[in-house]
Amino acid sequence: MVKRIIIEGADQQGKTTLANALSKRLGWDIIKFDKPDGNFNFFHDYKFKIKTISDRNYLSELVYSRINGFSHRVTKLKELENYFNDNFTVLIMLDRGADYVFDNSRHEDYSEEQIARAIKIYREEFRKLNIKKFIINPNCFGCDNTIDTIIQMILTWLYTSIQGSKVIVICLN
């Protein structure tokens, strides 16, 4: 039974749009881990309450620390992964694949090249994780169809017990 959802992916992949839509449909809260401040505990603060959607989480810290050229600050990585696995958390990674087009109008903190590099690092880090997870290319279906597909998967997982890592790739180029 799924109790938490983590949405990850590089900038401009549709995380916040998806989090808002899922929150509206499921009636769950959203917590956003964008840029942790100096008081952020990189182990305890990533654990969040049930029936919550996390817009970014520790995977973003792993990825963007590499983009910025410093060591990540996540402590107890394996314990955190085990916590999410033991506490019925699903990780969704958004990856627009070859369909990705940089949107200059969004005034991002990162350049097009840095975001392209982040996408590659997300893919590497995502493969290493041993939790329930799937990858979605949000361009494949349009927003409403993507959300409907995700909702159906999540509802299936809400009422079933899935053991170990489950990877479902939806329309990844």
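Buried here means under 20% relative accessible area, exposed means over 50%, and partly exposed covers what falls in between (1.4 Å probe, protein chains only). By that yardstick Y110 is buried, at 16%. The model is a predicted one, so local features need pLDDT of at least 70 and side-chain atom pairs count only at pLDDT 80 or more, while totals for chains, interfaces and linings use all residues. Residues are numbered from 1 along each chain as its sequence is written, and side-chain values use heavy atoms, with hydrogens and water left out.

Aromatic pairs come up first. Rings of Phe, Tyr and Trp (for Trp, its six-membered ring) pair if their centres lie within 6.5 Å; planes under 30 degrees apart count as stacked, over 60 as edge-to-face, and the rest as tilted. The structure holds four such pairs. One of them joins Y58 and F84, and it counts as stacked because the ring centres are 6.0 Å apart and the planes sit at 10°. This pair links distant parts of the chain, with Y58 in helix α2 (residues 58-68) and F84 in helix α3 (residues 77-86), 26 residues apart. Helices (H or I, at least four residues) and strands (E, at least two) are DSSP runs, numbered from the N terminus. Both rings are tucked away: Y58 is buried at 3% relative accessible area, and F84 is buried at 0%. Y58 and F84 also belong, together with Y83, to one aromatic cluster.

Y110 has an aromatic partner too, in Y64. Their rings are tilted, at 4.8 Å centre to centre with 40° between the planes. Y64 lies in helix α2 and Y110 in the loop between β4 (89-94) and α4 (112-128), so this pair ties together parts that are 46 residues apart in sequence. Y64, like Y110, is buried, with a relative accessibility of 9%.

Charged side chains make their own links. A salt bridge is taken as a side-chain nitrogen of Lys or Arg within 4 Å of a carboxyl oxygen of Asp or Glu, and the structure holds eight of them. In one of these, R56 meets D11 at 2.4 Å, N to O. R56 is in the loop between β3 (52-55) and α2, and D11 is in the loop between β1 (4-8) and α1 (15-26), so the bridge ties together parts 45 residues apart in sequence. R56 is buried at 6% relative accessibility, and D11 is buried at 9%.

Another salt bridge runs between R66 and E125, whose closest N and O atoms are 3.1 Å apart. This one links helix α2, which holds R66, to helix α4, which holds E125, across 59 residues. R66 is partly exposed at 33% relative accessibility, whereas E125 is buried at 11%.

Helix α3 brings in E81. Its side chain meets that of K78 in a salt bridge (3.4 Å, N to O), and the two are three residues apart in the helix, about one helical turn. E81 is buried, at 7% relative accessibility. Leaving aside neighbours within four places in sequence, E81 is in contact (heavy atoms within 4.5 Å) with Y58, L129, N130 and I131. Elsewhere, salt bridges that share partners join R66, E124, E125 and K128 into one network.
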